[in-house]
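Me: I am in my first year and would like to look closely at a single part of this model. Could you take me through one residue and its surroundings, step by step?

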Amino acid sequence: MKKRSFLNKVGVFFGGIFATKASSYSFDYLLYPLAIHYLGLEWGFVVMLLLSFVLNYLFILLYNSTQRDIFGFEKLKELKDKTTKESKSFIARLVGMGYVMTFIALSFYDPFFAVLWFRKSTKFDKMTKSDWKILTISTIIGNLIWAPMVFGALKIFE
């Protein structure tokens with residue numbers, strides 16, 4: 001396997017971050033408020049839940065197809081297993097939050113990242129039954145938090 005240069009790795013990392021941030025920000029701060037405004041909280045929630053599920057699944061397919069650890073999650077998961085309780089590293093603190101809090105935080109931030117963090121494989125495998133559950137629950141949690149926040153913000157500005 002050809003070894004990639006440091007600059008290539010940095011470029012892929014920042015390219016991946018930019019692509020996901022650009023699409024996520026467009027989705028969260030443009031499309032989501034428009035859907036909630038025009039469809040109301042209930043129907044806006046349903047429509048955006050379905051759209052976000054599809055978008056997150058497409059991100060996972062793209063991530064798996066690149067066969068590259070663009071965000072460093074696979075490496076972090078490997079380190080997580082080696083981290084001791086005495087460690088003060090970022091990974092130790094994240095793991096120290098507990099499974100549920102980490103899951104909720106990642107689900108709110110981006111369900112796509114929750115799937116990457118919590119799936120068992122680090123080999124860019126196809127989606128397993130467990131991965132589908134993580135994606136589904138994480139997307140629901142993220143939308144259950146996000147939709148009322150957007151609705152409340154829109155009401156403030158009305």
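Reply: Let us begin with asparagine 56, which lies in helix 1, and bear in mind throughout that the model is predicted. Asparagine 56 has a relative accessible area of 5%, and because buried means under 20%, this residue counts as buried. Leaving aside its neighbours within four places in sequence, asparagine 56 is in contact with Asp110, Pro111, Phe112, Leu135 and Thr139.

That list leads to two further helices. Pro111 and Phe112 are among the residues of helix 5 that are buried, while Leu135 and Thr139 are among the buried residues of helix 6. Helix 5 covers residues 111-118 and helix 6 covers residues 129-157, so a good next step is to see how these two are arranged.

In general, two packed helices are described by the angle between their axes and the distance between the axes. Here helix 5 and helix 6 pack at an angle of about 145°, with their axes 9 Å apart, and their crossing is right-handed. On the side of helix 5, the residues that meet the partner are Pro111, Ala114, Val115 and Phe118, and they face Ile134, Leu135, Ser138 and Thr139 in helix 6. By class, this contact has 6 nonpolar residues, 2 polar ones and no charged ones. An α-helix has 3.6 residues a turn, so residues three or four places apart point the same way, and it is worth comparing this rule with the numbering of the residues just named.

Looking at helix 5 by itself, we find that 8 of its 8 residues are buried, so this helix is largely enclosed by the rest of the structure. Besides the four contact residues, the buried set includes Phe113, Leu116 and Trp117.

Helix 6, for its part, has 29 residues and reaches 42 Å from its first C-alpha to its last, close to the 42 Å expected at 1.5 Å a residue. Its buried residues include Asp131, Gly142, Asn143, Trp146, Ala147 and Val150, and two of these lead onward to other parts of the chain.

One of them is asparagine 143, which has its place in helix 6 and counts as buried at 3% relative accessibility. Not counting residues up to four places away in sequence, asparagine 143 touches Tyr32, Phe45, Met48, Leu49, Ser52 and Pro148. With phenylalanine 45 the separation along the chain is 98 residues, yet the C-alpha atoms of the pair are separated by 7.0 Å.

The other is Trp146, which is touched by aspartate 28, as is Pro33, when residues up to four places away in sequence are not counted. Aspartate 28 is found in helix 1, which runs over residues 6-66, and with a relative accessible area of 19% aspartate 28 is buried, since the cut-off for that word is under 20%.

Stepping back to the chain as a whole, there are 6 helices and 0 strands, and buried residues make up 35% of the 158 residues. Of the contacts with a separation of 6 or more, 69% come from residues 24 or more positions apart, and the pair of asparagine 143 and phenylalanine 45, 98 residues apart along the chain, gives a picture of two distant positions with C-alpha atoms separated by 7.0 Å.

Notes: Residues are numbered from 1 along each chain as its sequence is written. This is a predicted model: local features need pLDDT of at least 70, side-chain atom pairs count only at pLDDT 80 or more; totals for chains, interfaces and linings use all residues. Side-chain values use heavy atoms; hydrogens and water are left out. Helices (H or I, at least four residues) and strands (E, at least two) are DSSP runs, numbered from the N terminus. Buried means under 20% relative accessible area, exposed over 50%, partly exposed in between (1.4 Å probe, protein chains only). Contact means heavy atoms within 4.5 Å. Axes are lines fitted to C-alpha atoms, for helices over the stretch in contact, and angles run from 0 to 180 degrees between N-to-C directions. A crossing is left-handed if the near helix is turned anticlockwise from the far one by less than a right angle, and right-handed if clockwise. Ala, Val, Leu, Ile, Met, Phe, Trp, Tyr, Cys and Pro count as nonpolar, Asp, Glu, Lys and Arg as charged, and the others, Gly among them, as polar. The expected span of a helix is 1.5 Å times one less than its number of residues.
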